[in-house]
Structures are given as C-alpha cells and as structure tokens.
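Open the structure in your viewer and keep the selection tool ready. We will make two stops.

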Amino acid sequence: MSASQRLLPSTEQHCTTSQTKKNTLPHTLLQTLTPPRSFVRRVVPVTRTLINLLREIHRRLQNLFRFLTMSKPTWEPELQSSAPEPPPPFDPTQPSVPISYPIKTLEDLESLSYLKSFHYPFNIASVALQPGSSSSSSLPNRRRLLVCHDMQGGYVDDKWVQGGTNPEAYAIWHWHLIDVFVYFSHSLVTLPPPCWTNTAHRHGVKVLGTFITEWDEGRVISNKLLSTKESARMYAERLRDLAVALGFDGWLINMEVNLDSGQIPNLKEFVNHLNQSMHSSVPGSLVIWYDSVTIHGDLQWQDQLNEMNKPFFDICDGIFVNYTWKGDYPRRSAAVAGDRKFDVYMGIDVFGRNTYGGGQWNTNVALNVLEKDDVSAAIFAPGWVYETNQPPDFQTAQNRWWALVEKSWGILRNYPKVLPFYTNFDQGHGYHFSIDGAEISDDRWYNISCQGFQPLLDFADKPTPDTIQTLVDFKEASYSGGGNITFKGTLEDNAFSTRRLFHGELPLGDLPLHFTYSVKSEGESQLGLSLWFSSPQNQSMSILLTPQEMNQFRSKFGRVITTRRLEKPGTIPGWVIQEARISMNHCTLTEIHAVCYPSQQELSEMRPARRPVEYFAVLGHISIKTSGKNSDFLPSSSWLVEGEFIKWTSSSRVSKSLSVKIVWKLTNGSNTDAFPNYNIYVKKLAKQGVGNQDGKLEVEYLGTAHVEAFYVSDLAVPWGISSLKFIVQVCAADGTFQKLDDSPTFSIDAEGP
C-alpha cells in the first residue's frame, strides 16, 4: 500500500487474520482519489466540503467495483456453486492465530472488551524496562529523540504475535539513538504490538500507544468523550487500564478535530486525569500531547509551543510539535517551555512533506537545528527508508540513514547496564533458527520480540577492499537465533583491526566477571574482544581477550588474557566457545570491541613482509555474568502444562490437523520473570511399525513464546501418528536453556478424532 493510501478512513484495513480480506478499489484508482499523506493532514489545505465530496465519489466507485467484480450472471449456476464461501468476520473472542489489533470504537474502549478477547494474553509485553537506568523512571534531563512509527496503517508483519514468515519485514535496531517509541495508526486506540514493546524495553526505550480522533467520525467520538467531566475521566482510566494490562508506558494524544470552546475544560480534564492516573499506576510513564486543537477548540497547528497549546503542555509530560515549523520556532518554543524545554519534541516528517530541511536523506538538517537550540526531536515515519525501497537494499540504507541521525544527535543509550548480559545479535528475523550452533529450523521467520541487544556498529558508506567489513548477517550460520556479526575483508601484514560493538555503563562489584563468546572462522582468521573499563578515579584501562598467547599485543592493551576453549557437549563442529574470567572490582565496563587479526602474527619490525591475509570470522554470541555456572532450571514436575481449545479437523486422506492453545505455569504459583522466553517443540509418536523402529519421529520446532502460552494452528498430523508430545523448553536471561529431555511437556492422544 502506498504512503498516501493509508489516510483515507474508508480504505483503512481492519486488522484480521491473514485469510480475511476486503474488496477495495484498484491501486491506481485509490492513488487518484486519496489526498496526500500527512500525519496532521494539512500539507495542502483542503476544505471539508471537498474532502466529503471525494469520500462520496470513492464510496460510489467502490460500490460499482464490488458489483462488477462480485456479481455473477444467473445463467452460470456452476460458477455460483463453486465460488468459495466468504470468510466469517473477525471475532476476537474465538481461537485463532494470535494477532495484535487496534480498538476502533468508544464502546469497545469503555467495555474493555479487548481484555476479554482470545488474543489478549498473547499481547502482553513480557520485557520490563531495563532496570538500573533512568529509563525505568523519569526521562534523562537532556534533549531526547522520540520516534513515531507509522507504516501502511499499522499492524502489518508485526501483528503476528507469535511471529510471521517474512524475513525481510521492517524492523528497527538502532535503539541506542532513541528515548521514546510511539506506535501510530489512524485507528481510535492504537495498541503497540508486544514485539515492539519487548525489544524497545530490552534496550531501555519507552513505548507509547496512540489515541486519535479525526475527521467527522472523530468529532462525533469527541462529543461523547467530552460530554461530561465524568465521561472524560472514565475514558482516561480505560486507556490507563489498557497500558497497565499490556505493559507499555503511556500515550500520544492527538485530537485532530474542531471542538466547541465549551468542551475544552473537559478535554483538559481528560488529559490531566490520564497523565495523573498513568503516573500512579506506571512509574515513569508518559503522556504526550500532539500539537493540533488549540485551547479555543480550533484545529490549527501551531508548529511551536505557544499560548495556544501550552495549557495542554502544562498538564502532561510533553508536546509533539507539528512538523511544518520554521527555523526560529525551536528557539521560541524552548523559551516558552522554560526549564521544561526537553519536553518539547519538534516534529520531523521523514517523508519530507513541508518539513524543515526536507526530511528523507536530509533529516539531519532539522536535527542539527534542534541540537543547536537544545530541544528534543520527534521523528515521524522513519520507515520511509523501507517503504520507498531506498537503494541498494534495506539493511544498507537503514544503517546509512540512522548513521546520519547519530552524527547529528549522538549516542543516547548505553548497554550493557545490568547482569547477566547476553546477546546473539539477532534482529528478530531471518532465514533459519539455531540453538547452540545447531540449525533447528530452516523456515523464514519474523518476530522482533526475539531481537537481542543490538551492536553499535559504525557505518562504512564505501568500504574499500583492504578494510574489514562488519555486518549483521542473516544468511551465514548462526550460533543462536537467526543472526550474527560477520567480519570479512583483508588484513595487511602485521596489522589488526578493531570494531566497536557496545558502549557500556555496567558498574562492577567484588565478584569476577565470566565472559563467553562463540566464533566461527576460516583460515588464519582469529577474533578476540577488547574491553575498556573506567576506575573510580576515572582512569581508563583496557583488557584484550584472545584465544592465543600474543605477547606483541601487550603494548597495545593494558592486559592480555588468554581465553580457555570451552568444551560444551553437543557443540556443532566449526563453532568455538571461548571463556575468560576477569576481576575488575568497583570499575565500570564502558566499551566492548571486536579485535580481528591473523593467527600467529608477529608485530615485529624485523619480520619479513608477507602478502595481505584474507579474513573471515563470525561472532555468534556474547555472554557476561558473575558466575561460571549455567542457570538452574526447575524439574519438569514443577510445571503444570495444559491444552485448551483443542480442535481436530480432517484435512485429507493422509493427515488431519490440530489446533490447540498450550498454557503453562509453575505449580507453586511462583513468578516466571526469570524465564524471558520458551522454545516450543512437538514430537510426533508413531504407531508401532510406522516411522522409525522405536515408533518415534523427529522433534519439530514450532516457534518461540514470550508469554506462558502458545497457540498451535492447523498442525498437520499424519494418520499414522498415535500421540503428540509438546515440549516447552525454558530459556534463561543468560542465554542458557533447559535440556529437552528435562523440559515440561503436554501430550495429546492423536488416535481418537
């Protein structure tokens, strides 16, 4: 869907399962009838009469299109009888593949019917804001970056809570440059899919949903919302309840309608009560006001903070200023805000519609002005890079675009901050899925809840052949998940190359640190890690972890520690696990770099020159914790695993299909926060004489759950299978996981249906 199409309410897609579709106008006709794309809908002023006329034309043409495409002549009964039955309308109370979807009516908001839906438990975010940082409470007292995600009406590949099948779907991985993430659509109540909340929280970024009223329908909704002071408070409390129940951090409020001046007191009550109730229920939460309706009830975008919108700013946590501001507006807004200037987020539309600097590849022009005037920024629709297919490919273009943001704005987030720290560099999508170096699935997938801590890789716009290229690679083998960091290129003789991975802020106590990392390399290629620490006296110290005794490095780093090769049972050949123990009491880990070098090199002036060395190495994971032991997992008897909504369907002569919701909990009722995710498998047990000699077939990986539930939809079960055993593999925060043979299970008899 093109950028312009997602604005017209009559063409907005209702979020349903992938099998549910609506007849719409042809793509080119929609482009003709749809006004230009704009968050605030005012790049080109259009009268309300003209808008209504266009909508009426659209409605009539749509009806004609449906008639021409759907009606059948009465003299073709065989075609009528063979036409498939239209799918039933989406019923959120009935079991189906879990999805995220918005709330479209005040009635559904008031009743909180969403919390009674089948899909609700799957949509709960499972990752809390990173503890031990300011992000878990108030925002830092500096200029900030808010990112507002708007893509094709929202709920695209990211709506599939348990994961989709598009490995090239949109994702963000530059979380070190972001403070606040807003999920936006043109529905009344936009609830962020949990995948965004999970990965943003993992990186210390707050997540907001959106409440928006617009067009004629929005005026009707606003009249009901603001009819009384009590109704305004009630709807504010419903929004609070949703944020608390789903685990995100607040709301962007966008009232894009004209109001009567008499409704403004109740509007202020709505905003103020939402702000106060969110703060009471979710410490560190945010309510941001969008620069739209004024204190007099007029829909007039101010493009700055002034007396027309400041009364709303005064009763919430900040303002998202419309993006058509002029060069001196940030400075004026800062003056009006006073000591709250960092709560002013000046909008920048990446699509470039009348935005300062033109957006797109010039987004940094506006950022430079805001940096100079020391106010915050709100970047709208960074998915422009993806939607417009910027060359040469999405990964490269995305990294290049965010590199411009970093150059203007700087790094905002540091990690690791807390222990244990584990990352497999997974971006949450890929072409395979691995555990301990073993590929357990070659299916294409997308689930950004699986995104690990993302490295802060420097972007090289035009790498030369004699440099080491560094990239997150989805096609190369992975040690864990579907990603890795690949280093490839050429090393000059007597040379080594370092690449930034992380900027840390990890205070250390008296306990030693245990580092492990996995490497797969070719030829003479070797990979080490350099660690930088600051002491209580602010002195900088470096340590190199290397698998070989390399005396020549001792002049380059403060200390050189030779790692120990960890012999882990079941490790796939090719992967090498390195381990080291470090004591740096009361220091702070500030940086982690990769060090690429050829084996047995001698950095000596006396050594004869050799030709350059081809270099290739893959870094699979990094783990940092205070104990060399793996996590202790509870025995399977400590878990209660059950099946709900069991449904069998006879799909063919050779197989039938099963749908079932699997749920699990600890039998003693204890909290499961120590287990961030679970890998789900099925083992199909065959009748004697069918399949393998022992009557068993291979274990099949089904997916990863981030809550204590997983829905299996239409699992094909051959008629020769006697029973199914579902295995819930418990995973710990340090990257370890329970052995399959020790994991909790749930079995279903397959012979009955």
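The tour goes from a strand and its partners to a pocket.

This is a predicted model: local features need pLDDT of at least 70, side-chain atom pairs count only at pLDDT 80 or more, and totals for chains, interfaces and linings use all residues. Residues are numbered from 1 along each chain as its sequence is written, and side-chain values use heavy atoms, without hydrogens and water.

**Stop one: strand 24**

Select residues 588-598, which form strand 24. Strands are DSSP runs of E, at least two residues long, numbered from the N terminus. Of the 11 residues in strand 24, 8 are buried (under 20% relative accessible area, 1.4 Å probe, protein chains only).

Now add strand 17, residues 497-507. Strands 17 and 24 run antiparallel, joined by 8 bridges (two strands pair if DSSP finds at least two bridges between them). Find T498; V595 of strand 24 stands opposite.

Next, add strand 19, residues 525-534. Strand 19 is also antiparallel to strand 24, with 10 bridges. Here L527 has C596 of strand 24 as its bridge partner.

**Stop two: the second largest pocket**

Select V97, Q162, Y711, V712 and S713. Of the 43 lining residues of the second largest pocket, these are the closest to its centre. The pocket's volume is about 1,500 Å³.

Which strand gives the most to the lining of the second largest pocket? Strand 30 does, with 6 residues; select 709-718 to show this strand. Strands 13 (438-441) and 26 (639-650) are among those that each supply at least two lining residues.

Definitions and conventions: Buried means under 20% relative accessible area, exposed over 50%, partly exposed in between (1.4 Å probe, protein chains only). Helices (H or I, at least four residues) and strands (E, at least two) are DSSP runs, numbered from the N terminus. On a 1 Å grid over the protein atoms alone, a cavity is a set of points where a 1.4 Å probe fits but cannot get out, and a pocket is an open set with protein on both sides within 12 Å along at least five of seven lines; lining residues have an atom within 4 Å of a point. Grid points are joined across faces, edges and corners, and a volume is the space filled by probe spheres set on the points.
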